[in-house]
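Hi,

Here is the structure I promised to pass on. Have a look at it first, then read my notes underneath.

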Amino acid sequence: MGKRVVGVYMSDDMLKRIDERSDNRSRTVEQDLDRYYFMLDYELEKLSEIFSIEEYCLIADALNGVLFSPWSIRLLPAQIEDVILYEKASRKWKVKGQELVEKLKKCNYGQLLAIADAAERFWDSDPKEHTNIQDMIRKYFRIPLERIG
């Protein structure tokens, strides 16, 4: 696979962290992103056995416009819980809201990152793709075809 030169802006703190790992910034950034994306896919694969399509629909719906920082990702279960309590999302998506919240509270940090990332990619996608919500959820949350009911 070919490689291209790209330019990105980074904070001084991020550059310091990259430089601590290697004197080859390009290699370090590519390696770290490769590991990060692999971790996201790995966690989503495991989570596909835990969450239903409808639960992921509720999660994606609830996270519309929500951006998480590395430190606030732990608040994802509370965000979903608020949407369930105040917007009655569990009725809309026909899921057991409290069970969903409990599942989310059991997720580790990497799993919460993977869920937030999938929801962000879902909402950043082309709206023309959103003709079938379950197909979109399956695509962005990496749910195998055999899980679609």
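**A patch on the surface**

Let's start on the outside: V6, V8, M10 and M14 make a nonpolar surface patch of about 360 Å². Keep in mind that this is a predicted model. Where does V6 sit in the chain? You'll find V6 in the segment before helix 1, which covers residues 12-21. And is V6 buried or exposed? V6 has a relative accessible area of 61%, and because anything over 50% counts as exposed, V6 is exposed.

**The whole chain**

Now zoom out. The protein chain has 8 helices and 0 strands, so if you read along the sequence you just get α-α-α-α-α-α-α-α. Its C-alpha atoms fill a box of roughly 55 × 30 × 25 Å, taken along the principal axes. The chain has 149 residues, and 36% of them count as buried. About 10200 Å² of the protein chain is exposed, with carbon and sulfur atoms supplying 52% of that area.

How do distant parts of the sequence figure in the contacts? Take the contacts with a separation of 6 or more: 62% of them are between residues 24 or more positions apart.

**The nonpolar core**

Next, the inside. The largest nonpolar core has 39 residues, and the ones that touch the most other members are F51, Y56, I59, L76, I80, I115 and F141. Several helices give two or more residues to this core, including helix 2 (25-47), helix 3 (53-62), helix 4 (76-87) and helix 7 (109-124). Which helix gives the largest share? That is helix 7, with 8 residues.

I80 is a good residue to click on. Leaving out residues up to four places away in sequence, I80 touches L58, I59, A62, L63, L100 and L104. One of these, I59, is also on the list of core residues that touch the most other members.

**Helix 2**

Finally, take a look at helix 2. It has 23 residues and reaches 33 Å from its first C-alpha to its last, close to the 33 Å expected at 1.5 Å a residue. Which of its residues are buried? In helix 2 those are T28, L40, E43, L44 and L47. The cover over these buried residues includes helix 1, helix 3, helix 7 and helix 8. Helix 3 and helix 7 turn up here again, after their part in the core.

Have fun exploring!

Key:
Residues numbered from 1 in each chain as written. Predicted model: local features only at pLDDT ≥ 70, side-chain atom pairs only at ≥ 80, totals over all residues. Heavy atoms only, no water. Patch = residues over 30% accessible without salt bridge, like charges linked within 9 Å, V, L, I, M, F, W, Y side chains within 5 Å. Areas by Shrake-Rupley, 256 points an atom, 1.4 Å probe, with all protein chains shown as cover. Salt bridge = Lys/Arg side-chain N within 4 Å of Asp/Glu carboxyl O. Helix = DSSP H or I, 4+ residues; strand = E, 2+ residues; numbered from the N terminus. Buried < 20%, exposed > 50% of the residue type's maximum accessible area, 1.4 Å probe, protein only. Core = buried A, V, L, I, M, F, W, Y, C linked by side-chain atoms within 4.5 Å. Contact = heavy atoms within 4.5 Å. Expected span 1.5 Å × (residues − 1).
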